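Trainee: Could you take me through one part of this model up close, the place where the two chains meet? I'd like to see how it fits with the rest.

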Amino acid sequence: MVGILYYCIGETGYLSTLDWDGTSPTPTSVGLQNYQDILVDPIFWQAIWHTVVFFLVTFTAQTAIGFVFAALLHSKVKLATVYKVIVFTPVVIAPATMAPVFRQMFAADGQLNWFLDHVGLGFLSQPWLAQSSTAMPVIMFITVWNFTGLTFVLYYAAMGQIDPEVLEAARTDGASNLRTLVSIVWPGVRSTTVALAMLSVIGALKTFDIPYLVTIGGPNYATEFLGTYIYRISIPSAHVGYGAALSIMLLVLALLGAIAVAARSNRKDGESGV
Amino acid sequence: MRAVFEARRPSARLLLQILVTAMVIPYLFPLVVMVQGSLAGEGWGNYRAVFEVGTIGTFFKSSVIISVSTIIIVYVLTMLAAFGFSKLRVRRKEVYFWMILAALTLPEVVLLTPLFATTLALGVYDTYWAVVLPLAALQIPFTVLIARRFVDGVPDALFDAARIDGASTFTSFRYIIIPMTRPIGAAIVVLTLIGSWNAYLLPLVLIQDPAQQTVTLLPQFFVSQFSNDQTKVLASAVITAIPEIVAYLCLQGLFERGLAAGAVK
């Protein structure tokens, strides 16, 4: 099985040196020309920039919301199961299923604008998906909506592992709720945060379904990611060679990203003597 | 465990409750929009119209076939691989293991062109296999990782005892590994189910025949079918989401544990 994957990588590597439309019988070999083109391709750099911003924003938002939510549900609120189900349900629904819903919701005459009008915030209503400035935040919102459930469930489980006596001792010493949360609970779930950071880096680089289905990378490349760019170059525009070279770049970035997160977390473990 | 936030006074409790409620509203809103939008205009007539097209059944059938086949392949290969990596002596097995782990970072969009060419060459393009095999291959690195860690926890003494009693390697696998790995096995099934049921890109590119397309392609099918009549598109979205939500509600604990096991490495 893994053989299939490595065979595909090998073939992509070979394709990346070609100028080929995918069907003609005589592809031209162009050596490393495709890679040189990538380095001066503004859309490529834009996609990289989007990925970085996207990762920083979605990771921070998911971590913050998931963490606070897990802490709140560990605090004997009523109807905890109902809240949990609401936050986790998006995790199991396919982005492809929700895409038309979000296109409708954020449309100029969609429910979000309707809602804003009715709560007296009508001046905020705008065509969310049709403007470069708001399309990316919408994509980020959908991603956070989609994956916070997972972050929450992981933190919820990790918080259950914290020794109750430590919390008890902190309380006896007069630590406030906030103080306990920052000094005991947050360090207590650090390994979960690291695992989530790793998932988010890889996830951000792999992003495809949501921007492709909701905005098709537009308007004006405002939500273009490496995944959607590779797809557009390889399939509809049939620049197979260039698409393959982009794929190799993405693969290298994904590996580097994973290694960077792993190395950083190891170093921190060393420093704190864990 | 003790409460993380301690709220002794009723007013503080009420405040926490209000805070939690405010936090879930953005999560609930899109789901409400989906249901409400699907009932706009002709009301339940939208659902009738969607069912009358008659293709929903075939889309579901394809998704079921693809998910079930992927789950079987992933489960069998993962368990065998986890057993091999953990308990058998295989030459250079750590090298193979790291090669599998590196594949964790592989985005499927990178594989599109080579998969397209490969499935054409093998004559499986436009069949279920074209989707099932890559889906399974993409899932396996993750599942092998978590299953191996689990099998590592099974004491070696059990296998020694089995060998002394004359059990073959396969017998050990069948009667020790399979029963003892049930919890992680369930997690693998749930992870693979969600991964294969929700797959969008691979069926989009590798299957052309409408009779074999999956439920994730359904909303787009209806966009062209009803020339952008949003209410019917949303009705079709609700219909595709319901089985997933029902499956999750029935097996809540299993879904949450399964996905959590997949994420924590």
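Mentor: Let's go straight to the polar contacts: across the interface of chain A and chain B, eight residue pairs are in polar contact, with both residues at pLDDT 80 or more. On the chain A side that touches chain B, you'll find 60 nonpolar, 14 polar and nine charged residues. Keep in mind that this is a predicted model.

Now for the area. Chain A and chain B bury about 7,300 Å² between them, and 77% of that is on carbon and sulfur atoms. The contact draws on 83 residues from chain A and 76 residues from chain B.

And salt bridges? Across the interface of chain A and chain B, the count is zero. Over all chains, though, the rule does find three, so let's go and look at them, keeping in mind that side chains of opposite charge can pair when their charged atoms come close.

Start in chain A. Glu224(A) and Arg232(A) join their side chains in a salt bridge, at 2.0 Å from N to O. Are the two partners buried or exposed? Glu224(A) is buried, because its relative accessible area is 1%. Arg232(A) has 27% relative accessibility, so this residue counts as partly exposed.

Hop over to chain B for the next pair. Here the side chains of Arg148(B) and Asp152(B) meet in a salt bridge, at 3.9 Å from N to O. The cut-off for a salt bridge is within 4 Å, so this pair still counts. Find helix H6 of chain B, residues 128-152, and you'll see both partners in it, four residues apart, about one turn of the helix. Arg148(B) is buried, with a relative accessible area of 11%, while Asp152(B) is partly exposed at 42%.

The remaining pair is Asp160(B) with Arg163(B), whose closest N and O atoms are 2.9 Å apart. Both of these lie in helix H7 of chain B, residues 156-164, three residues apart, which is again about one turn of the helix. Asp160(B) counts as partly exposed at 37% relative accessibility, and Arg163(B) is exposed, with a relative accessible area of 55%.

While you're in chain B, zoom out a bit. The chain has 13 helices and zero strands. Of its 265 residues, 51% count as buried. Take the contacts in chain B with a separation of 6 or more: residues 24 or more positions apart account for 81% of them.

Back to chain A for a word on confidence. Its mean pLDDT is 78, and 85% of its residues reach 70 or more. Among its elements, helix H3 (residues 42-73) has the highest mean pLDDT, at 88, and strand E1 (residues 18-19) has the lowest, at 56. Over residues 270-274 of chain A, pLDDT stays under 50, and the model has one contact beyond four places in sequence for that stretch.

One last stop, just past that high-scoring helix. Leu79(A) sits in the loop between H3 and helix H4 (80-92) of chain A. This residue has a positive phi of about 60° although it is not a glycine. Leu79(A) is also exposed, with a relative accessible area of 58%.

Terms used:
Residues are numbered from 1 along each chain as its sequence is written. Chains are lettered from A and ligands numbered from 1 in the order in which they are written. Side-chain values use heavy atoms; hydrogens and water are left out. Contact means heavy atoms within 4.5 Å. Buried area is the accessible area (1.4 Å probe) that two parts lose on being put together, summed over both. A polar contact is a pair of N or O atoms within 3.5 Å; within protein, one must be able to donate a hydrogen and the other to accept it, and residues adjacent in sequence count only if both atoms are side-chain atoms. Ala, Val, Leu, Ile, Met, Phe, Trp, Tyr, Cys and Pro count as nonpolar, Asp, Glu, Lys and Arg as charged, and the others, Gly among them, as polar. pLDDT is the predictor's confidence in each residue, from 0 to 100. Helices (H or I, at least four residues) and strands (E, at least two) are DSSP runs, numbered from the N terminus. Buried means under 20% relative accessible area, exposed over 50%, partly exposed in between (1.4 Å probe, protein chains only).
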